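Work through the following exercises with the sequence and the model at hand. Each task is followed by its solution.

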Amino acid sequence: MSAPPKTVLVATPEEEAAIRQAVRTAEGRVVAGPEHVEGLAALLADPRVSDPIYDLPRPITTESVARWVAESEALRQAGECVLAVNLDEAGEVVGYSRFTVWPDRSSAEIAGATRADRQNSGQGRLGVARSIAWMFETLGVRLIGLTAALDNVRSAAAIDGAGFQRMGERESVRPDGSIRRSIYWELSRDQWTRLHRL
């Protein structure tokens, strides 16, 4: 289950309201709906895609993915989550991103994956950079915290490459209550701006 960043920010009521509204509208993203359930289930059924991700519904079935999509949509309406899909030219689901947002803390995190045949293509860092920019610029948060499994070298390289600062480890809780030790990173909007706008 997602946990807010270790660094605690306090949003003003106006900032919190603006973030919640930005999450509800999710401009620039294809929000997952019932029409994407079968594609998401097929994507996540591949252990090369889903095994490194601790917060997915398990076992991965059409029914569990349908519940996950519905729960994510309810959280989006509350201004706290965006489950987005990436589609190929034929409209097939080839990846997903799940943005968890804590509007009262002006903070967010992202989890996601890409279909196995599209991994190791050099697109991971570009996708991470685009998602980070979207969270800061469109959602309006000021802090992003990320985790990756200790052995998830590919994600760690993408996160390091995006300019995140390692801040030790944390325990990530899976939906079944079990624990996964994770590397933990944070990046502030000011740090992102200095890295990518100067």
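**Exercise 1. State how much area the protein chain exposes and what share carbon and sulfur atoms supply.**

Step 1: the protein chain exposes about 9900 Å², an area from the Shrake-Rupley method with a 1.4 Å probe, where for residues only the protein chains shown count as cover. Step 2: carbon and sulfur atoms supply 52% of that area.

The model is predicted: local features need pLDDT of at least 70, side-chain atom pairs count only at pLDDT 80 or more, and totals for chains, interfaces and linings use all residues. Residues are numbered from 1 along each chain as its sequence is written, and side-chain values use heavy atoms, leaving out hydrogens and water.

**Exercise 2. Compare the radius of gyration of the protein chain with that of a compact globule.**

Step 1: the rule, over C-alpha atoms, is 2.2 Å times the number of residues to the power 0.38. Step 2: for 198 residues this puts a compact globule near 16 Å, and the protein chain agrees because its value is 16 Å. Step 3: the C-alpha trace spans about 40 × 35 × 35 Å along its principal axes.

**Exercise 3. Describe the setting of Glu109.**

Step 1: Glu109 lies in strand β4, residues 107–114 (strands are DSSP runs of E, at least two residues, numbered from the N terminus). Step 2: Glu109 is buried, that is, under 20% relative accessible area with a 1.4 Å probe, protein chains only. Step 3: Glu109 has no salt bridge (a side-chain nitrogen of Lys or Arg within 4 Å of a carboxyl oxygen of Asp or Glu); Arg170, the nearest side chain of opposite charge, is 6.0 Å away. Step 4: beyond four places in sequence, Glu109 touches residues including Tyr54, Arg98, Trp102 and Met135, with contact meaning heavy atoms within 4.5 Å.

Note on methods:
Helices (H or I, at least four residues) and strands (E, at least two) are DSSP runs, numbered from the N terminus. Buried means under 20% relative accessible area, exposed over 50%, partly exposed in between (1.4 Å probe, protein chains only). Lys and Arg count as positive and Asp and Glu as negative; His and the chain ends are not counted.
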